Amino acid sequence: MRPAPTPLPAPGLAERENVYAVTRALLLLDAFLPHEQGVTLSELSRRLGMGKTTVLRTARTLARSGYLAQWEDGRWRLGPAVGWLGVRYQTAFDARDVIDSVLRALTDATGETTALFVREGSSRTCVARVERPSLARHYIRVGERLPLDKGASGHILLAYSSQQGDLYDTIRRRGYHVSVGERDPLVCSISTPVFGARRRLFGALCISAESARLGHAELTAHLDALIAGSEELTRTLAANTAGAHPPAGQPRVAAPDKAAPRRRLARG
């Protein structure tokens, strides 16, 4: 079950930076669950903790721009403009085809689920994902936002965003991170950084699996393939994003010594 939408900030909290009408509209868009065909006004009001009049006024405003639509029975659904917004978000990544190709090749080589995460402010977002050939699924969708401080890819993004601390110093020295059951007790993962133009951090490439099936040793056995995928993405992104800005929240940082992960494995 998805978490409840973030409530509106209290009056007086960063008022100059917050436009309440926009915040209400965004919360309303975020209130729709995946695969829902329509939601009644009463249910939207309940989910958001807002009065029906306020929700209705906001919904009608969004509908005029195509972000919401209404069925004949009165239920509301997301409109076509939301779909186009998602398309534009995905095409903002210039090397999209190469990203998908690298993920598919990595999944073929390892037999595991692969994904690319980027930092979006104080969280991380899955921008591409290829599932392993199995009925089991980890239930992370492209576009889903996850915490930065839990999971291998989150720690990679923090480490290469100059986060301080012994853990992040260690990650930067060895060039990868393994997480077992940290964000979700049923999932484990290993991740390495990906860089773009001018060696800016772009994202974190990740292999994930069920923690009941794989552990630390099994994940690190895939490290060479993971590093090769990260290096291929880094070369492509450096060529395709020259002059472009990194995703939101990504600072400029130096790339690690590429040999560091291999030296770490050689030392055992």
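This is a short tour of the structure above, stop by stop, with something to select at each one.

Before you click anything: this is a predicted model, where local features need pLDDT of at least 70 and side-chain atom pairs count only at pLDDT 80 or more, while totals for chains, interfaces and linings use all residues. Residues are numbered from 1 along each chain as its sequence is written, and side-chain values use heavy atoms, with hydrogens and water left out.

**Stop 1: helix 3**

Select residues 52-64, which make up helix 3. Helices here are DSSP runs of H or I with at least four residues, strands are runs of E with at least two, and both are numbered from the N terminus. Helix 3 has 13 residues and reaches 18 Å from its first C-alpha to its last, close to the 18 Å expected at 1.5 Å a residue (the expected span is 1.5 Å times one less than the number of residues).

Now show side chains. Which residues of helix 3 are buried? Pick out V55, T58, A59 and L62. Buried means under 20% relative accessible area, exposed means over 50%, and partly exposed is in between, using a 1.4 Å probe and protein chains only. Those four cover an arc of only 100° around the axis, which puts them on the same side of helix 3; the arc is taken from the directions from the helix axis to the C-beta atoms. Here is the general background: an α-helix has 3.6 residues a turn, so residues three or four places apart point the same way.

Spin the view to the face turned away from the buried side, and you meet the exposed residues T53 and R64. Back on the buried side, the residues pack against helix 1 (20-30), helix 2 (41-48), strand 1 (68-70) and strand 2 (76-78), where contact means heavy atoms within 4.5 Å. After helix 3 comes G66, with a positive phi near 85°.

**Stop 2: the sheet**

Next, colour the strands. You'll find an open sheet of six strands in the order 5-4-3-8-7-6, with antiparallel pairing. Two strands count as paired if DSSP finds at least two bridges between them. Strand 5 (145-147) and strand 6 (177-180) are the edges, as each pairs on one side only. On average, neighbouring strands are turned by 35° against each other, direction ignored.

Zoom in on strand 6 and strand 7 (residues 187-195), which run antiparallel and are joined by four bridges. To see a bridge pair, select V178 and its partner I190 in strand 7.

Now add helix 6 (residues 152-159), which packs on the sheet and touches strand 3, strand 4, strand 6, strand 7 and strand 8. Its direction makes about 30° with that of strand 7. Then add helix 5 (residues 96-110), lying across strand 3 (113-120), strand 4 (123-130) and strand 8 (201-210), at about 70° to strand 4. For these angles, axes are lines fitted to C-alpha atoms, for helices over the stretch in contact, and values run from 0 to 180 degrees between N-to-C directions.

**Stop 3: strand 3**

How many residues of strand 3 are buried? Eight of its eight. T113, A115, F117 and R119 point one way, T114, L116, V118 and E120 point the other way, and all are buried.

Strand 3 pairs with strand 8 in the antiparallel sense over five bridges; select T114 and its partner I207 to see one. With strand 4, strand 3 makes seven bridges, also antiparallel, and here F117 is partnered by C126. Two residues sit between the strands of this hairpin, and G121 takes a positive phi near 65°.

**Stop 4: salt bridges**

The whole structure has 10 salt bridges, each a side-chain nitrogen of Lys or Arg within 4 Å of a carboxyl oxygen of Asp or Glu. Start with E43 and R47, whose closest N and O atoms are 2.8 Å apart. They are four residues apart in helix 2, so about one helical turn separates them. Add E36 and R46, and you have a network of salt bridges linking E36, E43, R46 and R47.

Jump to R132 and E112, where the closest N and O atoms are 3.5 Å apart. R132 is in the loop between strand 4 and strand 5 and E112 in the loop between helix 5 and strand 3, so the pair ties together parts 20 residues apart in sequence. R132 counts as buried at 16% relative accessibility, and E112 counts as buried at 5%.

Finish with R172 and D169, at 2.7 Å between the closest N and O atoms. R172 is partly exposed at 24%, and D169 is partly exposed at 29%.
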